[in-house]
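Student: I would like to learn how to read a structure like this, feature by feature. Could we take a single residue as the starting point?

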Amino acid sequence: MEEKSCHLLVLYASQTGNAMDAAERVGREAERGGCPSVQVLPIDRFEASCLPDEEIVIFVVSTTGQGDIPDSMKVFWRFLLQRNLSNQWLEGLHYAVFGLGDSGYQKYNFSAKKLDKRLSDLGAKPLIEKGLGDDQHPSGYEGALDPWLLSLWKMLNTVHPNILPRVSDIMDPSKRSLDHAKIEVIYHSSDKMQPDLLTAYDLEILEKVIESACSMSPAQFHYHDKKPQYLLQLITNQRLTNVDHSRDVRHFEFEASSNVIDYQVGDVLEILPSQNPAAVDAFIQRCNLDPNCYITVKARDTEKQSIYKSIKSLVRPIKLKNFVELTMDVASASPRRYFFEVMSFYATAEHEKERLQYFASPEGMDDLYQYNQRERRTVVEVLEDFPSVQMPFEWLVQLVPPLKTRAFSISSSPSVHPNQVHLTVSIVSWTTPFKRTRHGLCSSWLAGLDPFKSCVHIPAWITRGSLPPPPPSLPLILIGPGTGCAPFRAFVEERALQNLTRSTSPILFFFGCRNQSVDFLYKNFWLAQAQDDGVLSADKGGGFFVAFSRDQPQKIYVQQKMKEESKGIWSLLSSGAAIYIAGSSTKMPADVTSTLEEIIAVESGMSKESAARWLRLLEKAGKFFIEAWS
């Protein structure tokens, strides 16, 4: 066997860090099985043209948005799509693909499915069937990753017996060992720090602190500029639903603290939320850390280190407390299973060690789910439950879930509200099986800000969403129940302004909520645009249709309202209209799409299958868009 056959390459494409976590686990288990050479790399640090030189490659890829590939994979994917690549280009390659997705979305694990097919089309041979991790599974993607990895190691041992000489060690808990953390923390004396680093009141200094923290974070901001595009200030915090209603939906308005906000309708605002200061302090105290010491975080200088090569080491030292509060989610996210495995090595109480080892084992996965994921235990809570554990800060930096930005569809037109950006946000809260009340980190934090008293500067980035801005001449069919109306408020605002100076095409808008008197979001705005010469008025060829699902004994949803207006929908589609759908990712997009197929079939006389093909052609033509969120 050639020496290169003993080399295992793991490539990952991650948008939020989950695919990187899974790829790192693949690498760890291969090393435990005795693989002589394992390399784990982000896919954008591998030259796609070198793929034929490899013999075994494991791909771990996430799916973002509506079936989109991660940003880090786009160059690699474009190379694979070149027409001059033959169907024998990868004939010497054995591969396996594991995808991370959410079955709540229509294009579930689309990236993994597309990659698997393309590799096969180019002549590569799959070692095993692609694995599809699902966020909806009780144990998250690990529910599918566990059995998939077991099958992968068995097949690899059969096809390439020299690559895993100790394959049985992979599943043997007694063979587990702990290497160094993949990063190191350098501590600096505060006496040597520049004076401007000792405070963060100046906006420029605040930006630099955030940039340094995000640049050093090993699992975060790999697809953003590290420096915030904007530091926003909240100027309006208005509740849209009745105060006595169980669901709290807010209208937020923000202004930039310095530069002018540049965006277009359909864009997305990503916010880096602030954590509860008490939770951050509790974490620091529990871990015996000095909040006021200055640190830099960088990749550990070892031959095997590859995960964090992109971390910049030439960054400004910042306070440990600033690093924790800006990059480590200690107060809302639940730790991964590997966190419990590493904890077991630092537990000095035997009963704690045994419980942690059990949680980290395949046999303990269900109990870990009940304890950890289902209760949404935070890092602070887990550490408090195992008081004998004292983990080094390097491991905490590596394993604590990263503090992620939260993305919201923008609900304002920049032409109507210059230098402002508006959001429509449902304030998230729920009760766990053990009757603990949990709150969404970002939405609850925003809801608690008082624009008249608060001087908080909110780090924010604007990115392109799944809904491109339509030209004034394009007829529109908009379907957005609940907070799905957010981007369409921006669309209608923009078109209403355009309508003042030029001719515009009609809009049909289908909205849904529970009760007319309780959660009819932006009621006055929609009704005003549906009257006289408003862009939703019948005089303009448009229409505004609302389904109040709970105002009568039998529930009514937007699908029923769409069927009532099937002739108008087909008429507008026949004149070249585009369809935009926004809202919850659960069943709504699929149900609305099915209703559209039914309407097209009935009104055109074609079969349901032909109607489905007609919609797919509409999507390819750039006139059918869906933006959904969990």
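Tutor: Let us begin with Gln 559, bearing in mind that the model is predicted. Gln 559 has a relative accessible area of 14% and is therefore buried, since the cut-off for that class is under 20%.

Student: In which helix does Gln 559 lie, and which residues does Gln 559 touch?

Tutor: Gln 559 belongs to helix α16, which covers residues 558–564. Once residues up to four places away in sequence are set aside, Gln 559 touches Asp 591, Val 592 and Thr 595.

Student: Is Arg 337 buried or exposed, and where is Arg 337 found?

Tutor: With a relative accessible area of 7%, Arg 337 is buried, and it is found in helix α8, residues 337–346. Leaving aside neighbours within four places in sequence, the contacts of Arg 337 include Glu 142 and Asp 146, together with Arg 25, Phe 359 and Met 365.

Student: How should I read a residue that falls between the two classes, and what is the relative accessibility of Lys 404?

Tutor: A residue between 20% and 50% is called partly exposed, and Lys 404, at 28% relative accessibility, counts as such. Lys 404 sits in the loop between α12 (393–399) and β13 (406–409), and, not counting residues up to four places away in sequence, touches Thr 16, Asn 18, Ile 271, Leu 272 and Pro 273. Sequence separation and spatial separation should be read side by side here: Lys 404 and Thr 327 are 77 residues apart in sequence, while their C-alpha atoms are 7.8 Å apart in space.

Student: Which loop holds Lys 175, and how far is its C-alpha atom from that of Gly 34?

Tutor: Lys 175 is in the loop between α4 (142–159) and β7 (183–188), and at 45% relative accessibility it counts as partly exposed. The C-alpha atoms of Lys 175 and Gly 34 are separated by 11 Å, although the two residues are 141 residues apart along the chain. With neighbours within four places in sequence left aside, Lys 175 is in contact with Arg 32 and Asp 169.

Student: How many disulfides does a search of the whole structure find, and why is Cys 287 not bonded to Cys 293?

Tutor: The search finds zero disulfides. A disulfide needs two cysteine sulfur atoms within 2.5 Å, and the sulfur of Cys 287 is 13 Å from the closest cysteine sulfur, that of Cys 293, so the distance is too far for a bond. Cys 442 is likewise in no disulfide, the nearest cysteine sulfur being that of Cys 214, 14 Å away. As for accessibility, Cys 287 is buried at 6% relative accessible area, and Cys 442 is buried at 2%.

Student: What can be said of the chain as a whole, beginning with its radius of gyration?

Tutor: The radius of gyration can be set against the value for a compact globule: for 630 residues that value would be near 25 Å, and the chain has 26 Å, which agrees. Along its principal axes the C-alpha trace spans about 75 × 60 × 45 Å, and the secondary structure comes to 19 helices and 22 strands. Buried residues make up 56% of the 630 residues, and, among contacts with a separation of 6 or more, 79% are between residues 24 or more positions apart.

Student: How many positive and negative side chains does the chain have?

Tutor: There are 67 positive and 75 negative side chains, and the centres of the two sets lie 3 Å apart. The chain exposes about 27500 Å², of which carbon and sulfur atoms supply 48%.

Technical notes. Residues are numbered from 1 along each chain as its sequence is written. This is a predicted model: local features need pLDDT of at least 70, side-chain atom pairs count only at pLDDT 80 or more; totals for chains, interfaces and linings use all residues. Side-chain values use heavy atoms; hydrogens and water are left out. Helices (H or I, at least four residues) and strands (E, at least two) are DSSP runs, numbered from the N terminus. The radius of gyration is taken over C-alpha atoms; the globule rule is 2.2 Å times the number of residues to the power 0.38. Buried means under 20% relative accessible area, exposed over 50%, partly exposed in between (1.4 Å probe, protein chains only). Contact means heavy atoms within 4.5 Å. Accessible areas come from the Shrake-Rupley method with a 1.4 Å probe; for residues, only the protein chains shown count as cover. Lys and Arg count as positive and Asp and Glu as negative; His and the chain ends are not counted. The place of a charge is taken as NZ of Lys, CZ of Arg, CG of Asp or CD of Glu.
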